[in-house]
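Here is a short briefing for a first look at this structure. Start with one buried site, then work outwards.

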Amino acid sequence: MKFTYYPLLAAVSLASLGALTACSDAKNATAAESNAATSSALAADSAETATIATAGNATAASVGNGGSPATIPANKRADAATIIARPQVPILCYHQIRDWRAKDSKGAKDYIVPVEQFKAQIKMLADSGYHTILPDQLFAYLTTGAPLPSKPVMLTFDDTDLDQFTVARPTLDKYGFKAVYFIMTVSLGRPNYMSKAQVKQLSDEGNVIGSHTWDHHNVKKYQGNDWVTQIEKPTKQLEEITGKKINYFAYPFGLWNPEAIPELKKRGMDAAFILAEKRDQQDPLYTIRRIIASGYWSPRTLHNSMVQSF
């Protein structure tokens, strides 16, 4: 798997619920990633749905996860250099799954995948023989070399948007795919966002719930009690909702700093996910890369970006 680095632009944090329009409306967050990945591909590919030659099994396989972090002793885990040397698994990051509106900006459309486009992207993954994996499987692979299914991919959804439940969930179910939902707790139960019951249902159905802060505040700006407000309390709330330990975290805007890693460890996180920045050489488990699945991407462009980026 080949590594391609796409630079991130600086992002502004969301200060209040009134400012919450999900990552999709943070115009300066990571639009450069999608533009860099697709500028040449889009010229030839246009907006039409492309057909990818199929390979392998079209159904997501269920395989053993190789052990959760709690079952893998620290002395049995690989060192940072070994983890970084392992081939990266493609990890896609989705936000809103809905049709574009007239008021949506050009930058916002990177984060808003039209419904039929999303369905075509997921169908491409299934037809091409990809198998979805979950964080415990990825953790075991990175730390112990545990085997993964053929053509593994991880699907992640940020920000608690309702369409992730009403549109994405049944689409993934059609192919037996599971996903990771990084929940921003301030929005729970608000219009156009998931309810606590829906989050619990996703968890009960075999998906993984991760923490995505209280109100999407930029981790780089945390001071004082922010670690409690933004990470500790929301994580405990998610554990109460799901009845399960919350082990995984996604940085708002994909932006991180070294100071965040010990704070996440203190609060029980076993791994954390960024976007297209470089990984930390000392703690690569806390800077696992993802790429934004752009609303501009046809299935062919998505596939090409996965191959080029990981």
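Asp158 is buried, because its relative accessible area is 2%, under the 20% cut-off. Asp158 belongs to strand S5. The model is predicted, and its confidence is covered in the last group below.

**Around Asp158**
- The C-alpha atoms of Asp158 and Tyr94 are 6.4 Å apart, although 64 residues separate the two along the chain.
- Beyond four places in sequence, Asp158 touches Cys93, Tyr94, His95 and Gln164.
- Asp158 also contacts Phe182, His212, Ala250 and Arg290.

**The nonpolar core**
- The largest nonpolar core holds 73 residues.
- Tyr94, Leu138, Leu155, Phe157 and Tyr251 have the most contacts inside this core.
- Helix H3 gives the most to this core: six residues.
- Which residues does Phe157 contact, leaving aside neighbours within four places in sequence? They are Tyr94, Ile97, Phe118, Gln164, Ala168, Leu172, Ala179, Val180, Tyr181 and Phe182.
- Gln164 is thus named among the contacts of Phe157 and among those of Asp158.

**Helix H5**
- Helix H5 covers residues 163-174, 12 residues in total.
- At 1.5 Å a residue, H5 should span 16 Å, and its end C-alpha atoms are 16 Å apart, which agrees.
- The buried residues of H5 are Asp163, Gln164, Phe165, Val167, Ala168, Arg169, Thr171 and Leu172.
- An α-helix has 3.6 residues a turn, so residues three or four places apart point the same way.
- Among the elements covering the buried residues of H5 are strands S1 (91-94), S2 (96-97), S5 (152-158) and S6 (180-183).
- Helices H3 (115-127) and H6 (196-204) also help to cover them.
- Just after H5, Gly176 has a positive phi of about 75°.

**Ser294**
- Is Ser294 buried or exposed? Ser294 is buried, with a relative accessible area of 0%.
- Ser294 sits in the loop between strand S10 (291-292) and helix H9 (299-309).
- The side chains of Ser294 and Asp110 are joined by a polar contact of 2.8 Å.

**Confidence**
- The average pLDDT of the chain is 85, and 79% of the residues score at least 70.
- Residues 1-22 have pLDDT below 50, and this stretch has 73 contacts in the model beyond near neighbours in sequence.
- Residues 24-65 stay under 50 in pLDDT, with 97 contacts in the model beyond four places in sequence.

Definitions and conventions:
Residues are numbered from 1 along each chain as its sequence is written. This is a predicted model: local features need pLDDT of at least 70, side-chain atom pairs count only at pLDDT 80 or more; totals for chains, interfaces and linings use all residues. Side-chain values use heavy atoms; hydrogens and water are left out. Helices (H or I, at least four residues) and strands (E, at least two) are DSSP runs, numbered from the N terminus. The expected span of a helix is 1.5 Å times one less than its number of residues. Buried means under 20% relative accessible area, exposed over 50%, partly exposed in between (1.4 Å probe, protein chains only). Contact means heavy atoms within 4.5 Å. A polar contact is a pair of N or O atoms within 3.5 Å; within protein, one must be able to donate a hydrogen and the other to accept it, and residues adjacent in sequence count only if both atoms are side-chain atoms. pLDDT is the predictor's confidence in each residue, from 0 to 100. A nonpolar core is a set of buried Ala, Val, Leu, Ile, Met, Phe, Trp, Tyr and Cys residues joined through side-chain atoms within 4.5 Å.
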